[in-house]
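Dear colleague,

Please find below the structure that I am handing over to you. I should be grateful if you would read the notes after it with the model open.

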Amino acid sequence: MTLTPVPLNTMHVKLRQAAPADFPLILDLLTRCGLHTSSVTPQGCTYWIAELDGVPGGCIGLEHGEGASLIRSTAVVPEARGQGLGRALVQSALTQATLRGDRTVYLFSQEAGDYWGRFGFVPASAEAIAAALPEAPQVRSGVLKGWIAEEQAWKRNLTVPGEGVGGG
């Protein structure tokens, strides 16, 4: 089944946390969006799937560290774009990171800096991500394969629940 872009208010949108059995679906969504999947793993990660009228249309992952997380594998299939799925997925990941007590969320993105800026992300160094999340699968892959130094990194500081306004 393919998705046809229609106004979001006419479709049933559902975000759900992915189960282990959803991993092949996540890989399929990423592949359909032209994203690399070699370092994608369910271990140490949480993924969400966005569905439109019961059809999977996008996903996002959050790799967990100590006090920091890394957003990865953000994808919305072409036929579902422009309907708010990406925004909903990003907000889900940021909410989860905040609830975990993370102080910072990082990501890598060469092409979508303007998009991530809308969520409060600012440029960061790949070295900062590697130091904060050395065991994250995407970081390990980047270090081992040598691409991490050329990658554009981004970060967003978070306010931890219970710390008040000045805690982020």
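The notes below concern the largest pocket, one residue close to its centre, and the cysteines.

This is a predicted model, in which local features need pLDDT of at least 70 and side-chain atom pairs count only at pLDDT 80 or more, while totals for chains, interfaces and linings use all residues. Residues are numbered from 1 along each chain as its sequence is written, and side-chain values use heavy atoms, with hydrogens and water left out.

The largest pocket (an open set of points on a 1 Å grid over the protein atoms alone, where a 1.4 Å probe fits, with protein on both sides within 12 Å along at least five of seven lines) holds about 1100 Å³ of space. Its lining (residues with an atom within 4 Å of a point) comprises 36 residues, and those closest to the centre are Leu35, Thr74, Phe108, Ser109 and Glu111. Strand 4 (a DSSP run of E, at least two residues, numbered from the N terminus) gives the largest share of the lining, six residues.

Ser109 is buried (under 20% relative accessible area, 1.4 Å probe, protein chains only), because its relative accessibility is 8%. Leaving aside neighbours within four places in sequence, Ser109 is in contact (heavy atoms within 4.5 Å) with Trp116, Glu151, Gln152 and Trp154.

The whole structure contains zero disulfides (pairs of cysteine sulfur atoms within 2.5 Å). The closest cysteine sulfur to that of Cys33 is in Cys59, 7.1 Å away, and therefore too far for a bond. Cys33 is buried at 19% relative accessibility, and Cys45 is buried at 14%.

Yours sincerely

How values were computed. Points joined across faces, edges and corners; volume = space filled by probe spheres on them. Helix = DSSP H or I, 4+ residues; strand = E, 2+ residues; numbered from the N terminus. Buried < 20%, exposed > 50% of the residue type's maximum accessible area, 1.4 Å probe, protein only.
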